[in-house]
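Hi,

Here is the structure I said I would pass on. Have a look at it first, and then read on for what turned up.

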Amino acid sequence: MDFASYSLALLVGFVVTRYVTETTKIHLRFKGLWIHHWILAAVAMIALWYLDIDKPYLWGALTGVALEGLPRKNWSIRQRK
């Protein structure tokens with residue numbers, strides 16, 4: 001059932017992230033860099049991996065968040081003026 005937990009969390013993470021990114025204008029920008037949600041998800045994954053946390057629902061949700069951001073046109077970390 002770990003695979004089922006991962007898969008469901010992936011879907012929920014993707015859908016919730018899509019909804020939030022389409023309905024809000026929250027951006028993390030500083031000093032010419034734009035920190036996207038897929039970057040934050042990747043950093044969280046690295047932390048989980050380093051801390052040896054093996055919870056399928058966490059990994060699935062973070063994977064969904066990261067995958068939602070990658071197919072978008074503007075995912076560069078350099079902020080365009």
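**The salt bridge**

A search of the whole structure turns up one salt bridge. Its partners are Glu68 and Arg18, whose closest N and O atoms are 2.7 Å apart. Glu68 sits in helix α3 and Arg18 in helix α1, so the pair ties together parts that lie 50 residues apart in sequence. The two ends of the bridge have their own surroundings: Glu68 counts as buried, at 0% relative accessibility, while Arg18 counts as partly exposed, at 34%. Do keep in mind while reading that this is a predicted model.

**The overall layout**

To put that in context, the protein has three helices and two strands. Going along the sequence, they come in the pattern α-β-β-α-α. There are 81 residues in the protein, and 25% of them count as buried. Among the contacts with a separation of 6 or more, 75% are between residues 24 or more positions apart. As for the outside, the protein exposes about 6400 Å², and carbon and sulfur atoms supply 69% of that.

**Around Glu68: Thr17 and His37**

Back to the neighbourhood of the salt bridge. Thr17, like Arg18, is a residue of helix α1. Is Thr17 buried or exposed? Thr17 is buried, as its relative accessible area is 9%. Thr17 and Glu68 are 51 residues apart in sequence, yet their C-alphas are 6.9 Å apart in space. Setting aside neighbours within four places in sequence, Thr17 is in contact with His37, Val65 and Glu68. The Thr17 side chain also reaches back within its own part of the chain, to the backbone oxygen of Gly13, at 2.6 Å.

His37 belongs to helix α2. From His37 to Thr17 the C-alpha to C-alpha distance is 8.6 Å, with their positions 20 residues apart in sequence. Which residues does His37 touch, not counting those up to four places away in sequence? They are Thr17, Thr21, Val65, Glu68 and Gly69. With Gly69 there is an atom pair to look at: a polar atom of the His37 side chain lies 3.5 Å from the backbone nitrogen of Gly69. Glu68 therefore shows up three times in this corner: as the salt-bridge partner of Arg18, as a contact of Thr17 and as a contact of His37.

**Helix α3**

Helix α3 covers residues 56-69, which makes 14 residues. From its first C-alpha to its last, helix α3 reaches 20 Å, close to the 20 Å expected at 1.5 Å a residue. Its buried residues are Pro56, Gly60, Leu62, Thr63, Gly64, Val65, Ala66, Glu68 and Gly69. What covers them includes α1 (2-23) and α2 (37-50).

Thr63 is a good one to click on. Its relative accessible area is 15%, and it is buried. A polar atom of the Thr63 side chain lies 2.7 Å from the backbone oxygen of Trp59. Leaving out residues up to four places away in sequence, Thr63 touches Tyr6, Leu10 and Met45.

**Helix α2 and the loop after it**

Helix α2 also has 14 residues, and its first and last C-alphas are 20 Å apart, close to the 20 Å expected at 1.5 Å a residue. Trp38, Ile39, Ala41, Met45 and Leu48 are buried in α2. The buried residues of α2 pack against β2 (33-35) and α3. Met45, as noted, is one of the residues touched by Thr63.

Just after α2 comes Asp52, in the loop between α2 and α3. What is unusual to look for at Asp52 is its backbone: Asp52 has a positive phi of about 60° although it is not a glycine. Asp52 is also exposed, with a relative accessible area of 66%.

**A nonpolar patch**

Last stop, the surface. Val12, Val16, Tyr19 and Val20 make a nonpolar surface patch of about 390 Å². Tyr19 lies in helix α1, and it is exposed, with a relative accessible area of 57%.

Happy browsing!

Key
Residues numbered from 1 in each chain as written. Predicted model: local features only at pLDDT ≥ 70, side-chain atom pairs only at ≥ 80, totals over all residues. Heavy atoms only, no water. Helix = DSSP H or I, 4+ residues; strand = E, 2+ residues; numbered from the N terminus. Expected span 1.5 Å × (residues − 1). Buried < 20%, exposed > 50% of the residue type's maximum accessible area, 1.4 Å probe, protein only. Contact = heavy atoms within 4.5 Å. Patch = residues over 30% accessible without salt bridge, like charges linked within 9 Å, V, L, I, M, F, W, Y side chains within 5 Å. Areas by Shrake-Rupley, 256 points an atom, 1.4 Å probe, with all protein chains shown as cover. Salt bridge = Lys/Arg side-chain N within 4 Å of Asp/Glu carboxyl O. Polar contact = N/O pair within 3.5 Å; in protein donor to acceptor, adjacent residues only side chain to side chain.
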